[in-house]
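Colleague: I would like to learn how to read the salt bridges and the burial in a model of this kind. Please take the terms one at a time.

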Amino acid sequence: MRVKRQKRYRKAVRFLKASFGFREPFKVLCDGNFQHSVLHNIRKGSEDFDKLLSQALGGAAKAFTTRCINAELKKLGTSFSDTLNAARKLHLAKCDHEPAKGGSECLESLVESFNPEHFFVATQDGDLRQKLRVMPGCAVVYSKKTSLCVEPPSEFQQQFAKEEESKRESLKCREQRLLSRVSEDEEPPKRSKSLMVRDRPTFKRKRAKGPNPLSCKKKKQVPEASNDGERSSRKKVRRRNRKKNSVKEDVIHKSPA
């Protein structure tokens, strides 16, 4: 029986993931009655709500409470003091109710308008559970004897999910029609009559570019000698070098072998 029950819970969680976008770690809003029932019936003396909810949902989970729920537990007196101490250790969900509302009203306001934060609601309140069944995207967890139970999606939620899926499919069909119309309006690719294959792609020819500006620079003119005296001095130096070389050659030839 326990295995079958776990399979039902996993199936309900898969439906919520696929249809309404629930993701791990799951966020669970716990009211005062649920917390009191868990502490005294299921986990006596234990305050590990996260571990207990993770086992029931088949994935990582975090337990949340609100300021309104804590204020309600405080008004109930000393009989709920241990539950209040446990509630103060849970994660705190943001609620801006001034003055504080009742726990059921607070939870209902947080999950209305398609439950944008994807909260599971853990409650023992039958009236609240009945209201949540006709809200799209709301999941209910409750305690029964010594175990936690995940309520399966209601008929209203299943019908809502089917309608949303059909809308998404119709949008996809419209997009496909629009794409087909656009493709029809475009010109078909040119094909050769003989081989019925696409023509070769045409490439742009490279245009002749202008000359390299660096190569167009004027050549530097070598400065010519201004005086004839400098030229004559250079020539004289060259003659002297030649004479010296000739004298050395004569000495070499005259020397005895």
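Modeller: What follows goes from the whole chain to single residues and then to charged pairs. This is a predicted model, in which local features need pLDDT of at least 70 and side-chain atom pairs count only at pLDDT 80 or more, while totals for chains, interfaces and linings use all residues. Residues are numbered from 1 along each chain as its sequence is written, and side-chain values use heavy atoms, with hydrogens and water left out.

Colleague: How many helices and strands does the protein have?

Modeller: Helices (H or I, at least four residues) and strands (E, at least two) are DSSP runs, numbered from the N terminus. Here the protein has nine helices and six strands.

Colleague: What share of the residues counts as buried?

Modeller: Buried means under 20% relative accessible area, exposed over 50%, and partly exposed in between, with a 1.4 Å probe and protein chains only. By that rule, 30% of the 257 residues are buried. The accessible areas come from the Shrake-Rupley method with a 1.4 Å probe, and for residues only the protein chains shown count as cover. The protein exposes about 20,000 Å², of which carbon and sulfur atoms supply 51%.

Colleague: And what do the contacts say about the range in sequence?

Modeller: A contact means heavy atoms within 4.5 Å. Among contacts between residues at least 6 apart in sequence, 63% join residues at least 24 apart. Take Leu-16, which lies in helix H1 (residues 2-20). Leu-16 counts as buried because its relative accessible area is 5%. Leaving aside residues up to four places away in sequence, Leu-16 touches Gly-21, Phe-22, Phe-120 and Ala-139. Leu-16 and Gly-137 are 121 residues apart in sequence, yet their C-alpha atoms are 7.2 Å apart in space.

Colleague: Now the charged pairs. How many salt bridges does the structure hold?

Modeller: Side chains of opposite charge can pair when their charged atoms come close. The criterion for a salt bridge is a side-chain nitrogen of Lys or Arg within 4 Å of a carboxyl oxygen of Asp or Glu. The structure holds seven. One of them joins Glu-98 and Arg-67, at 3.5 Å from N to O. This pair links distant parts of the chain, 31 residues apart: Glu-98 is in the loop between strand E3 (91-92) and helix H6 (103-111), and Arg-67 is in helix H4 (residues 67-75).

Colleague: Are Glu-98 and Arg-67 buried or exposed?

Modeller: Glu-98 is exposed, with a relative accessible area of 64%, whereas Arg-67 is partly exposed at 38%.

Colleague: Which residues are linked in a network of salt bridges?

Modeller: Arg-129, Arg-133 and Glu-151 form such a network. The side chains of Glu-151 and Arg-129 meet at 3.5 Å, N to O. Those two residues are 22 apart in sequence, with Glu-151 in the loop between strand E6 (147-150) and helix H8 (155-185) and Arg-129 in helix H7. Glu-151 also forms a salt bridge with Arg-133, the closest N and O atoms being 2.9 Å apart. Arg-133 lies in the loop between H7 and strand E5 (139-144) and Glu-151 in the loop between E6 and H8, so this pair ties together parts that are 18 residues apart in sequence.

Colleague: How do the residues of that network differ in accessibility?

Modeller: Glu-151 is buried because its relative accessible area is 14%. Arg-129 is buried at 16%, and Arg-133 is partly exposed at 25%. Helix H7, where Arg-129 sits, covers residues 126-132. Not counting residues up to four places away in sequence, Arg-129 touches Thr-123, Val-140, Tyr-142 and Glu-151.
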